[in-house]
Amino acid sequence: MNDYNTFRAVVAGTGAYLPEKILTNQDLEKSLDTTDAWITERTGIRERRIASEEESASIMAAHAGKIALVDGGIDPEELDLIIVATSSPDVLFPSTACFVQKELNAVGSAAYDISAVCSGFIFALSVAEQYLKVGRYKNILIIGSEVNSRIVDWTDRSTCILFGDGAGALLLKRGEQESPLGILSTHIYSDGNLSDLICVPGGIGRTGINKQDIDAKKYFINMSGNATFKVAVKRMTSVIREALEFNHLSMGEVELLIPHQANQRIVSAVAERLQYPMEKVFMNIHKYGNTSGASIPIGIDEAKRSGRIQEGDISVLGAVGAGLTWGSAVIKW
Ligand code: COA
């Protein structure tokens, strides 16, 4: 702790938005050489949501953001900052956050995107926490929003079965340092040496859009599934352990673990290493698949609204994503 930590970042509202269209494993069986049994057993996913033509990362983000603002009882004009974590932005630029700002009519706020893929929401939380702790801002809206369905190759059965679309939002407010509630810590990391594990290899800024790369499907998600799996388990476990040590907590004092929903087996392996019961792990991967940067805020919103988060509870968040990026956070509600 240093002298600049005068205030605390407190969660004042939550929101989520999922597209209506459901794509089940049975639907995928019709177009791919796959089975419901394979997907369910290897990933825990049974269905995922798919954005309609009218829905994009910014549209879904604005829906989730509006709900969080109502939940937190503030008007859009009171926002100081909007951060959107997305790896499927509406366009290369302007930022998706600027479109969200326009949609919300949040006149007067700053708005920008963060790119840390599946860890993006924890990165956004970490950035917002710093502004609030030093007293720079009062109200920050952070949103994770993804249209993965537009960046997966629907003929690649090893990736397309995993991902889904959706958005989740948290409204953070500046609270007093004496307050026992709020964000207790965030830890974030990156290792660019592992950038090949999961990536969209077609480089718009590197090579320009060209026919050769389009034909080679380089503008879609490319992943080394097995290697990613192992690294994800290791990094998510270690960064959660670091968060516990930082706060002098044991897993026994944590009421709910809300992990990035990458794969049921990744999360089970993390829980096993932490000797934490799966009953206390929030899971919704069976309904939504992997919604990248949106999965944690969607999980928080569902956990709050279903009563799985109560006042005074401690929750731990953990994520791993392309980059490689990984991070954790501890929240006291
Ligand atoms: N249906 C049926 N078979 C499939 C399949 C599908 N949808 N996808 C892959 N297979 C096949 C493979 O072709 C392979 O066949 P082969 O042995 O004949 O070559 C076999 O299943 C095993 O493939 P493998 O990649 O070893 O499977 P796996 O147990 O590692 O599971 C993933 C694959 C993708 C589910 C798993 O590696 C994974 O979840 N990795 C992490 C991905 C992730 O979470 N990424 C995001 C991190 S934020």
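**A surface patch and a two-domain interface**

Leu92, Phe93, Ile204, Ile209 and Ile214 come together as a nonpolar patch on the surface, and their accessible area adds up to about 590 Å². Bear in mind that this is a predicted model. Besides the patch, there's a good deal to look at where domain 1 and domain 2 meet, with about 3,900 Å² buried between them.

**The patch and Ile214**
- One of the patch residues, Ile214, sits in helix α7, which runs over residues 211-215.
- Ile214 has a relative accessibility of 46%, so it falls in the partly exposed class, which covers values between 20% and 50%.

**How the chain is divided**
- The domain assignment splits the protein into domain 1, residues 7-176, and domain 2, residues 182-332.
- Measure from one C-alpha centre to the other and you get 14 Å between domain 1 and domain 2.

**Where the domains meet**
- On the domain 1 side, 53 residues make contact, and they meet 48 residues of domain 2.
- Of the roughly stated total, about 3,900 Å² buried between the two domains, 65% is on carbon and sulfur atoms.
- Cys118, Ile122 and Phe123 stand out here: they supply 16% of the area domain 1 buries against domain 2, more than any other three residues.

**Charged pairs**
- The rule picks up 1 salt bridge across the interface of domain 1 and domain 2.
- Lys217 and Asp153 pair up through their side chains in a salt bridge, with 3.5 Å from N to O.

Technical notes. Residues numbered from 1 in each chain as written. Predicted model: local features only at pLDDT ≥ 70, side-chain atom pairs only at ≥ 80, totals over all residues. Heavy atoms only, no water. Patch = residues over 30% accessible without salt bridge, like charges linked within 9 Å, V, L, I, M, F, W, Y side chains within 5 Å. Areas by Shrake-Rupley, 256 points an atom, 1.4 Å probe, with all protein chains shown as cover. Salt bridge = Lys/Arg side-chain N within 4 Å of Asp/Glu carboxyl O. Helix = DSSP H or I, 4+ residues; strand = E, 2+ residues; numbered from the N terminus. Buried < 20%, exposed > 50% of the residue type's maximum accessible area, 1.4 Å probe, protein only. Domains from an automatic or database assignment. Contact = heavy atoms within 4.5 Å. Buried area = accessible area lost by both parts, 1.4 Å probe.
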